[in-house]
Each structure stands twice: as structure tokens, then as C-alpha cells.
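Student: I should like to go through the computed features of a model and ask how each term is justified.

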Amino acid sequence: MTARGRAWLAAALLLLLPWIPGMQSDSSRSLLTQMAIAAVFALSYNLLLGQTGLLSFGHAVYFGLGGYASIHFLRAINGGLPIPVPFVPLAGALAGLSFGMVFGALTTRRGGTVFALISLGLGEWVHASSLMLPSFFGGEEGVTASRTKGPHLDGLDMASQLQVYYVTAAWLLISAALMYAFMRTPVGRLANAVRDNPERVEFIGYNPQRVRFIVFSVSAMFAGLAGGLHAINYEIVAAESLSAARSGAVLLMVYIGGVDHFLGAVLGAVAITWLQVSLSDYTTAWLLYLGLLFMGVVAFVPGGLAGLAMMHLKVLRTPAMRAIARSYLVALPFAILASAGLVTLIEIVYRRATQPEAGALMKLFWIPMDTAKPWPWIGAAGAAGIGAFALARAWPRIAAAWAEAGEETHARA
Amino acid sequence: MRVPEPATRPLALELVDVHKRFGATPIIRGVSLEIPRGERHAIIGPNGAGKSTLFNLMSGRLRPTHGAIRLDGADVAGKRPFRIARRGLSRSFQVTNIFPRMTVRENVRCSVLWSLGCGYSFLRSIERLRNANERADETLERIGLTARRDALAGVLTYAEQRALEIGITIAGGAHVILLDEPTAGMSRPETEAAVELIRSVSHDRTLVMVEHDMSVVFGLADRVSVLVYGEIVASDTPERIRADSAVRAAYLGAADA
Amino acid sequence: MKELVAFSLLNGVVYGLLLFMLSSGLTLIFSLMGVLNFAHASLFMLGAYLSWQISRWVGFWPALVLAPLLCGLVGAGIERFGLRRVHRQGHVAEILFTFGLAYVIGELVIMAWGRNPIENHVPAAIDFAAFRLFGTSYPFYKVLMMGISVGMFAFLYLAFKRTRVGLVIQAALTHPQMVGALGHDVPRLFVLVFAVGSALAGLAGVIGGFALLTEPNMAANLGPIVFVVVVVGGLGSIPGAFLASMLIGLLQTFAVAIDYSWLDLFRAIGLKVSSDSLLREVWSVKLSQAAPILPYVLLVLMLIVRPRGFMGTRET
């Protein structure tokens, strides 16, 4: 399928998503909107990380500053500025681009580890400063505006979550298309070269710092645009939009989604947003799970979810698939057992540590348990232990099945 | 030290009393060299003589402690590598220095961009740049990697990577080409193929080459300079170098000559 | 006034030395393994919590020894069972691994000790006045802190320049395979280095836990400043880290005491800033309010003026 074809498919998908049974409530559509916003932010971040090899711990600065610029712009619209609300993210994009160019000129002089640390320091600076300048940043409560009070474009009054979703989805499509096109320009290709071997880039006539600067500015622009979408959706922007937590979240999204594929960022954004929203309903330990998941991906699945999907797609129609599927089937029950055991242990300990007043009785996986007694502990530990042990024994079979698949592809090539 | 014949052609590269010290250790101790346009010049010498350092000085990777380096008469000592590359000097590396996660075609295509005036453009798709694509495909043809154009550079065999290394170096059409041990690690047939390639790409250009394989040197070079402990002990035609007893003692010894 | 200066000086030095204790361990791991350990401040936090816990069971002095040891063991475990798999993927992957680890350690601390700050008071054993200055007493534990950090500096210096292990480790950074071929167990060396660095962080935590509030956010609060120290001092340079730590320690401590803003300065020299000027808010921020961001301002200035830091080498 061509890129054009895929773009149309994506557009159709985005159009139909809020009408799928189960997705028709306001809260589901709100979740979809959040995912779309995160996707724009994550795509902008992957321009830096996956495409140019720049690890930034402070990308939320541009998201947040774009958000603040947009919310002020929205207030101006509330006050009479005759611009329809769907155009507000452009203010965010402009703010993102401007700050991106200013800060980028400073920070892209170095790459690698130094760049990462500088981005961290700059992020902390902007976040701390936001609390010192209440007239622009609104202090602790943030800045609010209304998305319904302004000239309406074709009856689009932005009152319903559905409308907000469609505006956000439209911006997602536009941003994704532009970023994709950007990566196929000379600068985009040189960005890949800078990622692979910045030194050699100099010897083919280009200044790697200049390439980084350009990509950085573009990336900041789209991050600012995402901030604008955030402003419209929530009608409030506060200091957390600039925080280290938000910078960390987008890093997690992009890496878990997979840095090597363009849509990996979108996959990660969807997965992590879902985890953040849903998981936090079930457990207070969700940040621990996220951290463990992240570490697991870094150590064992560096290609992320997208890499994993691609890997499996490649072997899907081949004969080796059967051996692989069978090895998975054997390992699956033990994987479930081990995870259930581990999760139970974590949940029990977490509950006792953070909510001692809730008492010893709790219900996990529909099983009521009394954490004061030893049996839940033993049961969970046992499940985790046995599961892990069996998994370790089942692993060589999986590895062998994949090795065979690899040999087959080689033989055919 | 043999004094080279006075140059009558314009000089592509000129080194005047170049010194390079790392901390207290002198590596290059007063090297003067004149390489006229269109010459194929080989630099030989024992390990540790400073050949790669010399290349690094000429291409801008290192800055000389003192001395002058001129490219087409213009002073380039200590300039950033990309400025020197833009003036038409291109170099290859002894340890393969490619872009491993990009395709072979992409590797070569990026190398032609500056010479075609693309600059830092981000408004047109690279696929639409016909010149760039044509030039890239031509280069791929010359280095014999057309069949592997869509493979990721990191998975190529060693010889293929060395060929790509040369491809990246020549793709931009530089008129002064520096090749750092281009045939290192190659078998005899691979070396012969490489020599043919080097001969064809250096036609009408200035070539400076560091080499250990004497058959390559004597087959290709117009002139040879011998670098020992950071100094040039001889600089002359291959035949005279071969016959020079001082050079023999210092370097060639009983090896294949 | 003299009193203010004297105490700010002393406290600034103590804070600077705390930063140095942390940044030296970080620099150690970085310059020998190329790994920027994001979880370093988390190990500092672990040291603080562990020392509190152990003190409650067996008293302070054993805790001073045991807590760092435990942190060292944790560090060894991290390298041996986690980071070792990640080395071959490059430095970005290593940083990311430790980044995730920082989150995980933070959550584990919450699991063990809850979300609220714990009452980490200075133990009776060291809770007395060291000396009196201008009529106010200066606590002994701060003097102890100074002593421990100076000791750390000396230890690191000697370990590197004077021991065989130090020499081998230095070689292993740039040529691990060669060092391995010479018969040294490079993976084990890395475990040792990581363990020592973590133990140093833990030791800093034991003492630092009294000076600062012991709570789950400790790592996130101090971590970025330690990274600033390391960049400003020059990546990989311990003397540079010392200089930068002292500078930032003194800068922040003195700034907190200064309740004046640019606006006050303008007024003093007769410059008027109109009340509806856009930047008036910026000018009216007092230095004491701005103290938390001063390290970052220094970072940016350093980047403009001397990107490699005080004593960094030209390349990363």
C-alpha cells in the first residue's frame, strides 16, 4: 500500500473511531481526544529521538509554552478576536517554533549525553520559572479560557466532545502528514545521517549542528501545536504541562511504541495514554508498572511495540510461523501465572504501604483476600516463582523457533 | 631527504612545514608536500608513522600545531571538515565510517546533496530531486552496489562496506580525493577490483592515498612519499623510491617490493 | 551581616560538598563506563531511607556503614542483572534504562515507606554543637558531612591515580576488549565500578537525609541539580565537579538569603520601570525566590561561554 493509501486509511479510521460501539460515550471520546493529542506530541518527539538521535528530557517545555500561548490566544478570542477556535493550535505552533529556535540555537551545539542533560536543565528552569511569573502562567491554578465562546465555523461550536475530537483528529492527520513529508526532504534524510554518524556528515559537506537545529525547531513547533490542542480540550493550561513528568511521559510513549517506525510514536501514545487513564483507576502502583514495562522494553525489546509488530508481520505467512505460534502457546499460561503472581504481590504491598487505613481485606482479580494472613503472600510468591521458572524453561523453544524463521528468510533472500 | 621536482602544474594540495603534537608528543614533525592537480600520490610508511594523522590534518579533523595547509591555494588549516569538504576535498576512512541504519542508496544520495546545491532544504521531497537520484544511482553503478541499493548499510559484507565507503567519498564529485587504506583487509581479487575502481574514479582528479599494499601503490601512483616518524624521508616516482636504500632500510626491508 | 555571611558560607560549603558527594559518584560511573546513571539520585534517596530504617534497629553508627554497603550491593545487582544486557545497545539505551530504573526505585521506596516524608531527625549520637560562631552554635553533623566528603575526594583520587585497579579501569573505558584480552575481567570491573559509585551515593544519602527532607521526591528534586553540576564542571572531570558543586552550593545558599530583586536594584540607581511593563514581573522576582533556578541559569551561561564546562575535555 502506498503512503497515500495509508493516509486515506488512517483518515477513515480516525473518522469512524468515535462511532464504534462502546466508544460513543463522552468519556470514551475524551480518551480518544487525549490519545490524539498525545500522538501529535509523540510524533514531534520522535523527530528528535528516532530520526535524529537526540535524546531530550525537556520536550514538554515546547508543549507547555505552546499550550500557554494557545490559551491566551483563546482568551483573546473569548474577548472578541474574530478567529474561529479550531485555528487556535496555530498559536501553539508559532510559540513552539519561536521558543524552539531560541532554545534550540543554544542546546543543539552538542549532541548525545550533553544535549540530554541540557534539555533536562532547561526544562527544570522553565518549569520553575512558570511559578514565578503568574501573569502569564497563572500561578498554581493555571490559565483558563472557553472553547465555545467565539466565532463559530460552520456551526462548529466546540461544545461537544465529539466536535473537539474531530478537530483534534484533523490536526493529527495534518501534523502527521507534514512530519512524514519533512522526513523525506534533504534535511530529513540528513537528520538520519546525523543520527547514524554525525562525524561523517561533516565530511560530506554538512554541519551536523545546523541539521539538528532545523529538526529541533520543527519538532518544537509540532509539540507546541499539541499543546494548543491540549488547551482547547481541557480549557485550562497549568504548570504540569511543562513538567519533567510530562517530558518523561512522552519519552516513554515514543520508546515503548518504537523509535524506528514512523507510526511507533502513535502506537506508544495510544498505549500509554490508555494505561495512564485506565490503569490508574485500578491500581495506585501504575507508575511502577510503567517503569518496569519501560525497562523491559529497553532491555529486551528495543524495537518497541512497532518493532515487535513488524517482526511478526514478516513471518506471518511463512511456515516458521507455526513453530513460533506453538512455542508461544506453551509459554502463555506460565507468563500469565507469573504476571498474576507478581502483580498480586505488588498490589498487596502497595496497598499496605500507602493506604494502611483501608484495612487488610482487598479484592484482586475478583478474588477476595485477607492480606493479614500469610496465604495471599505465599500464593502470589509461589505463582510468580513457578511461572517465572517455567517461562525460563519455555524460552529456548521460542528463541529456537525465531532462529529457524531467521534462517528461512536468509535462505530465501 | 630527496627534494621533489619543482611543480609546474597548479597545486591541489600543499603542506608547508606542518607540525602536530598531541600533548607533549610530536606526531608530525615538519612535513612539507606539494601535490599538483591531477596527480595520483601515495603515502607509505611503517605503522605509527603518522599517515592517518596527516590525513586528518588535511581534511580538517585535526588542527595543526603549526604550519600551513593549502587547498587550491587557499588556506584550510584548522578549518571545520565541512568547510573543507565544500571546497572540493573528500576523504575516506580506514575504519569504515558509513551510515549503518540507512540504505546503501540513501548513504550515497546524502553524499551528493551539497554538491548539487541542495543546502538545508526542507521544502521538497528528496525523491523528486532527479539530479540527486541520478547521480546516486550512477555512483552505485560504479562501485558495483546497485544490486544492494535497498539493503541497510550495516548488514553489508566487509568488502561491500569498503566499496560503499569509497562511494560516499566520490559521490559528491570532489576534485581532491583522499583514500585511507582503501584495500585494507581485502583478498587479491577484491583488491584488483578496488584498484580498477580507484583508477577510474581518480581519472582527471587529484588522488592522495595511504596504502600498505605495495602492488597497489606501484600500480597506481604517479609519485610516492615515504613517511617515517612524522617526517617525509623520500618523495619521488615509484621506481626511484623502490631503489632508494634509505627507504628500504626504514621500511620496505625484505618485504614484497 | 557578618553572621549572615559566615553562616551562609558554612552552609553553602556543606551543601556544595553534598552535591560533590553525589556528582563524584556519578562522574565516576560516567567516565569509566560511559553510562549516565539517572538512578544515581535514587540510590542517594535509598541510602537516606535505609539509614533511617537501620538506625531504628541497630543505631546510627552501624547504619553509616551498612546503608552504603547495601546501596553498593543494589548497584552491583543493577549492573550485573540489568545494565549488562543494555551495554551493547549503546549509550542512549543505557541512559533510558537507568531513567526507567529511577521511576521504579522511587515507587519501591513508596511501597516500603509510604508517600509521606519520614521523621529523619539527626540521631542523638551526632546531635551536638561542633563550635560556636558569633553566638550561634554550628551543628556537628554538618562538620561530619564535610569530613566525609573530603574523605571521598581523597579516596577517589588515590583509587584512580595510585592503584592498579584504577589504572586497569581507566584503560577499560576506551579499550575494553584489549583489557579483556590482557586477562582482566572487564564485566566484573564494571560491576565493581557501579557498586562503588552507588555506595558513594548511598553514603551521601545517609548524611544528606538529615540536611534535607527525607521523602520520595528527594531524588527528583536533587537529581537535576547534580546533572547540572556534572555538565558545568565538565563531563568526566572530578575536579571540575568539585568546583561546580562548590560554586552552585554557595550561589544557592547566598541567594536564598538575599531578599532583593532587579527592581530594587533599578530603584537604587534611579531607574524607573512602569507598573504595566510586560517584564516588570520578571524584574520583581526576588533573588531568594529565584534561588531554585540559579543552577540552570548557570548551566545556560556556561553553554554560551564555554560549552565544555570548567574542566571538560573537548569531546564528550
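**Cavities, a hairpin and chain contacts**

Tutor: Searching the whole structure, which is a predicted model, yields 7 cavities of 30 Å³ or more. Local features need pLDDT of at least 70, side-chain atom pairs count only at pLDDT 80 or more, and totals for chains, interfaces and linings use all residues. Residues are numbered from 1 along each chain as its sequence is written, chains are lettered from A and ligands numbered from 1 in the order in which they are written, and side-chain values use heavy atoms, leaving out hydrogens and water.

Student: What makes a set of points a cavity?

Tutor: On a 1 Å grid over the protein atoms alone, a 1.4 Å probe fits at the points but cannot get out; lining residues have an atom within 4 Å of a point. The second largest cavity holds about 60 Å³, a volume being the space filled by probe spheres set on the points. Its lining includes Ser56(A), His59(A) and Phe216(A).

Student: Which element gives the most to the lining of the second largest cavity?

Tutor: H5(A) does, with 4 residues.

Student: Why are E3(A) and E4(A) called paired strands?

Tutor: Pairing requires that DSSP finds at least two bridges; 4 bridges join strand E3 (residues 361-364) of chain A to strand E4 (residues 367-370) of chain A, so the two antiparallel strands qualify. One bridge partner of this kind is Ile367(A), for Leu364(A). The hairpin has 2 residues between its strands, and Phe365(A) in the turn has a positive phi of about 50 degrees.

Student: How do you know that chain B and chain C do not touch?

Tutor: Contact means heavy atoms within 4.5 Å; chains B and C do not touch, and their nearest C-alpha atoms are 12 Å apart.

Notes:
On a 1 Å grid over the protein atoms alone, a cavity is a set of points where a 1.4 Å probe fits but cannot get out, and a pocket is an open set with protein on both sides within 12 Å along at least five of seven lines; lining residues have an atom within 4 Å of a point.
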